[in-house]
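Hello,

I am passing a structure on to you, and below it you will find my notes. Please read them with the model open beside you.

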Amino acid sequence: MDKLLIEGGQVLSGEVAMSGAKNAALPILCASLLTAEPVHFTNVPHLNDISTMLRLLGDMGVGVTMDGVDGLVLNGGGLNNPVASYEMVKTMRASILVLGPLVARGGEARVSLPGGCAIGARPVDQHIKGLQAMGAEVKVEQGYVHAKATRLKGARICTDMVTVTGTENLMMAACLADGETIIENAAREPEVVDLANCLVSMGARISGAGTDVIRIQGVDKLHGATHSIMPDRIETGTYLCAAAITGGDIRLLKTSAAYLDTVVDKLMDAGCEITVERDAIRLVAPKRLKAVSLRTAPYPAFPTDMQAQFMAINCVADGVATIRETIFENRFMHVNELMRLGANIQIEGNNAIVRGVDRLEGATVMATDLRASASLVIAALVAQGETLIDRIYHLDRGYERIEEKLARLGASVKRVH
Ligand code: UD1
């Protein structure tokens, strides 16, 4: 199992390009299930989660052709096996995103229930409830969701909570339904908008993506299209935090601050200077950051996927910060590992109180989930001495060539096999 060895103390500086967004690419690749024509994607990130999704789509009969460095053509013309097995879904929860498109196009799907994951229970009841509202017959048998419908019917769906993949699944299903579907309490995440843009270029009729009410007029068929995946706002935020903690000065390319308002605001509150360009962001950090409190909530509020990284920067900031997690019930697993590096953090329910310390010290730590791993990398960049991060397969799920990108910015980081 690969590990990452980081020698703390280097100030990050220079430029590096960001990749396409994992959380936009995953649903968008599933959109290829909605048409028998080839769909061409660009700016697809090289990540383990993307490889898993391509394997899953390939198993279903989708033709997968690589095209250049970050291009991909998916051809759903040969779709013949509408099944997502437990083996696939257990390694990547986002596999549930095949459910809506499969039922909408082929009338049937068998998708394993994702079950629990490290950050909480994460049920998919809202995905199921929405499909049932559209007339699908859904049974849960032997750990699988088995959904059937001759043709889905447009419906008015109000989800009980804001769910990102739930909104995406139902929006994709509604594209081929008979009549109008209205999704209320819809997720407003930029990745939902990127998916909607891709679907519209495939012939879907969608309005309201990016607001909490999305309207979809079903059409008989979708067609092929070309779509470029949006930049990864969480990867961008993670590198901004990495530079901030080291007192660095970096410029991130091929990205946008457009979807990072709350993250940029918090970094400025922490004392960083941020310059926003059309396709780049520059951050200049102060010698010592100020503590910043935050509360996670659905977009446009502060993203839960940036909570762990801000926990790391608060560990060495001046002052006390309260971090409140409201999306997932068990998303503080990085706390114990950060404490192994010398952080002072106290958990009270879904609040973490972080008291900034003067310095962290390198140790062996364990990555527990994707963003928790990112927080350990960030902390390791300032910890005195060496930090060995074990189980970095979590990082490889969501950060493209992380050690190369960090090394380009001057970090001392090595992958050890
Ligand atoms: C997506 C993102 C993930 C991010 C999360 C919250 C992808 C591939 N993943 O995950 O990186 O952390 O949004 O921004 O885009 N819930 C239910 N029933 C459901 C669906 C959700 O109870 O049917 C609950 C979840 O347990 C959670 C909350 O709703 O507490 C939000 O989850 P959701 O937005 O669905 O997260 P994901 O879409 O899985």
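Where does Arg 391 lie? Arg 391 is in the loop between strand S23 (386–390) and H13; helices (H or I, at least four residues) and strands (E, at least two) are DSSP runs, numbered from the N terminus. Its phi is near 65°, a positive value in a residue other than glycine. With a relative accessible area of 35%, Arg 391 counts as partly exposed, where buried means under 20%, exposed over 50% and partly exposed in between (1.4 Å probe, protein chains only).

Before you go further, two notes on the basis of all this. The model is predicted, so local features need pLDDT of at least 70 and side-chain atom pairs count only at pLDDT 80 or more, while totals for chains, interfaces and linings use all residues. Residues are numbered from 1 along each chain as its sequence is written, and side-chain values use heavy atoms, with hydrogens and water left out.

A second residue with an unusual backbone label is Asn 43, other than glycine and with a positive phi near 60°. Asn 43 sits in the loop between S3 and H2, and is buried at a relative accessible area of 12%. You can also look for the cis peptide bond between Tyr 299 and Pro 300, where omega is about 10°. Pro 300 belongs to the loop between strand S18 (294–295) and helix H10 (307–315).

Now to the ligand. The shell around it has 19 residues, of which Asp 125, Thr 163, Thr 165, Asp 305 and Ile 327 come nearest; a residue counts as near if one of its heavy atoms lies within 4 Å. By type, the shell divides into eight nonpolar, six polar and five charged residues. Here Ala, Val, Leu, Ile, Met, Phe, Trp, Tyr, Cys and Pro count as nonpolar, Asp, Glu, Lys and Arg as charged, and the others, Gly among them, as polar.

Oxygen atoms of the ligand pair with the protein in several places. A backbone N or O atom of Gln 126 lies 2.7 Å from one, and a side-chain N or O atom of Thr 163 is 2.7 Å from an oxygen of the ligand. For the side chain of Arg 331, the distance from an N or O atom to a ligand oxygen is 3.5 Å. The protein covers 88% of the 750 Å² of accessible area that the ligand has on its own (Shrake-Rupley method, 1.4 Å probe). Helix H5 (125–133) and helix H6 (164–175) are the elements that give two or more residues to the shell, and H5 provides the largest share, three residues.

Thr 35 is another good stop, in the loop between helix H1 (22–30) and strand S3 (38–42). Thr 35 counts as buried because its relative accessibility is 1%. A polar atom of its side chain lies 2.9 Å from the backbone oxygen of Leu 222. Beyond neighbours within four places in sequence, Thr 35 is in contact (heavy atoms within 4.5 Å) with residues including Gly 76, Arg 105, Met 202 and His 223.

Finally, helix H2 (residues 48–59) has 12 residues and reaches 16 Å from its first C-alpha to its last, close to the 16 Å expected at 1.5 Å a residue; the expected span is 1.5 Å times one less than the number of residues. Among the buried residues of H2 are Ile 50, Met 53 and Leu 57. After H2 comes Gly 61, with a positive phi near 105°.

Enjoy exploring!

How values were computed:
Polar contact = N/O pair within 3.5 Å; in protein donor to acceptor, adjacent residues only side chain to side chain.
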